[in-house]
Amino acid sequence: MMENKRYKKIYISGPITKDPDYKKHFEYAECVLSMAGLIPVNPARNHLEGNPTWKDFMIVDIKQLVECDGVYMLKGWRKSKGARLERLIAKSLD
């Protein structure tokens, strides 16, 4: 994921659905990555119209993920179905 390469655009992945403080965690990671000179992609900022489902959000998130150079995994990602899927996709695409 982030070994031996120079990354610019970094996707932030972590639990959202069951974490009431998810925005705070994603914003903190966004700040840290920005301060490191990277371009963070924060899926917690995605807002969809109507009554979107988990699948609707994942479709948008995965489109963003595949355009990134790396992934930053937040604490607790292993408990998140979406974050595990994002990590699997990122690893599969190298």
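1. Let me start with D94, which is exposed at a relative accessible area of 71%. This residue sits in the segment after α3. Its backbone deserves a glance too: phi of D94 is near 60°, a positive value in a residue other than glycine. Most residues other than glycine have a negative phi. Please keep in mind throughout that the model is a predicted one.

2. Stepping back from D94 brings us to helix α3 (81-92). Its twelve residues should span 16 Å at 1.5 Å a residue, and the end C-alpha atoms are indeed 16 Å apart, so expectation and model agree. The buried residues here are G82, A83, E86 and A90. Because these four cover an arc of only 95° around the axis, they lie on the same side of α3. On the other side of α3 you will find K81, L88 and S92, which are exposed.

3. One of the buried residues of α3 is worth a closer look. A90 belongs to helix α3 and has a relative accessibility of 13%, so it counts as buried, the cut-off being under 20%. If you would like a distance to check, take A90 and G76: they are 14 residues apart in sequence, and their C-alpha atoms are 17 Å apart in space.

4. Helix α2 (54-65) can be read in the same way. For its twelve residues, 1.5 Å a residue gives a span of 16 Å, which agrees with the 16 Å between its end C-alpha atoms. Which residues of α2 are buried? They are M58, D61 and L65. These residues cover an arc of only 70° around the axis, so they sit on the same side of α2. Note that an aspartate, D61, is in this buried set.

5. Now for helix α1 (22-35). It has 14 residues and reaches 20 Å from first C-alpha to last, close to the 20 Å expected at 1.5 Å a residue. Here F26, A29, E30 and L33 are the buried residues. Seen down the axis of α1, they fall within an arc of 105°, and therefore line one face of the helix. The face turned away from that buried side carries the exposed residues K24, Y28 and M35.

6. E30 earns its own point. What is the partner of E30 in a salt bridge? The partner is R45, and the closest N and O atoms of the pair are 2.9 Å apart. The count of salt bridges in the model comes to one. R45 lies in the loop between β2 (39-41) and α2, while E30 is in helix α1, so the pair ties together parts that are 15 residues apart in sequence. Are the two residues buried or exposed? E30 has a relative accessibility of 16% and so counts as buried, whereas R45, at 47%, counts as partly exposed.

7. The loop that holds R45 has other residues to look at. A44 is also found between β2 and α2. With a relative accessibility of 8%, A44 counts as buried. Its C-alpha atom is separated by 9.5 Å from that of K24, although the two are 20 residues apart along the chain. K24, as you may recall, is among the exposed residues of α1.

8. L48 is in that loop between β2 and α2 as well. Its relative accessibility is 28%, so L48 counts as partly exposed. The C-alpha atoms of L48 and V60 are separated by 9.1 Å, and the two residues are twelve apart along the chain.

9. Finally, the largest pocket. Its volume is about 480 Å³, and 24 residues line it. Which elements give two or more residues to this lining? They are β1 (9-13), α1, α2 and α3, and three of these names are the helices discussed above. Nearest the centre of the pocket lie P15, I16, T17, W54 and S80.

10. A last word on the character of that pocket. Its lining residues divide into twelve nonpolar, six polar and six charged. When you have the structure open, W54 and S80 are convenient places to begin, as both are among the residues nearest the pocket centre.

Notes: Residues are numbered from 1 along each chain as its sequence is written. This is a predicted model: local features need pLDDT of at least 70, side-chain atom pairs count only at pLDDT 80 or more; totals for chains, interfaces and linings use all residues. Side-chain values use heavy atoms; hydrogens and water are left out. On a 1 Å grid over the protein atoms alone, a cavity is a set of points where a 1.4 Å probe fits but cannot get out, and a pocket is an open set with protein on both sides within 12 Å along at least five of seven lines; lining residues have an atom within 4 Å of a point. Grid points are joined across faces, edges and corners, and a volume is the space filled by probe spheres set on the points. Ala, Val, Leu, Ile, Met, Phe, Trp, Tyr, Cys and Pro count as nonpolar, Asp, Glu, Lys and Arg as charged, and the others, Gly among them, as polar. A salt bridge is a side-chain nitrogen of Lys or Arg within 4 Å of a carboxyl oxygen of Asp or Glu. Buried means under 20% relative accessible area, exposed over 50%, partly exposed in between (1.4 Å probe, protein chains only). The expected span of a helix is 1.5 Å times one less than its number of residues. The arc is that of the directions from the helix axis to the C-beta atoms.
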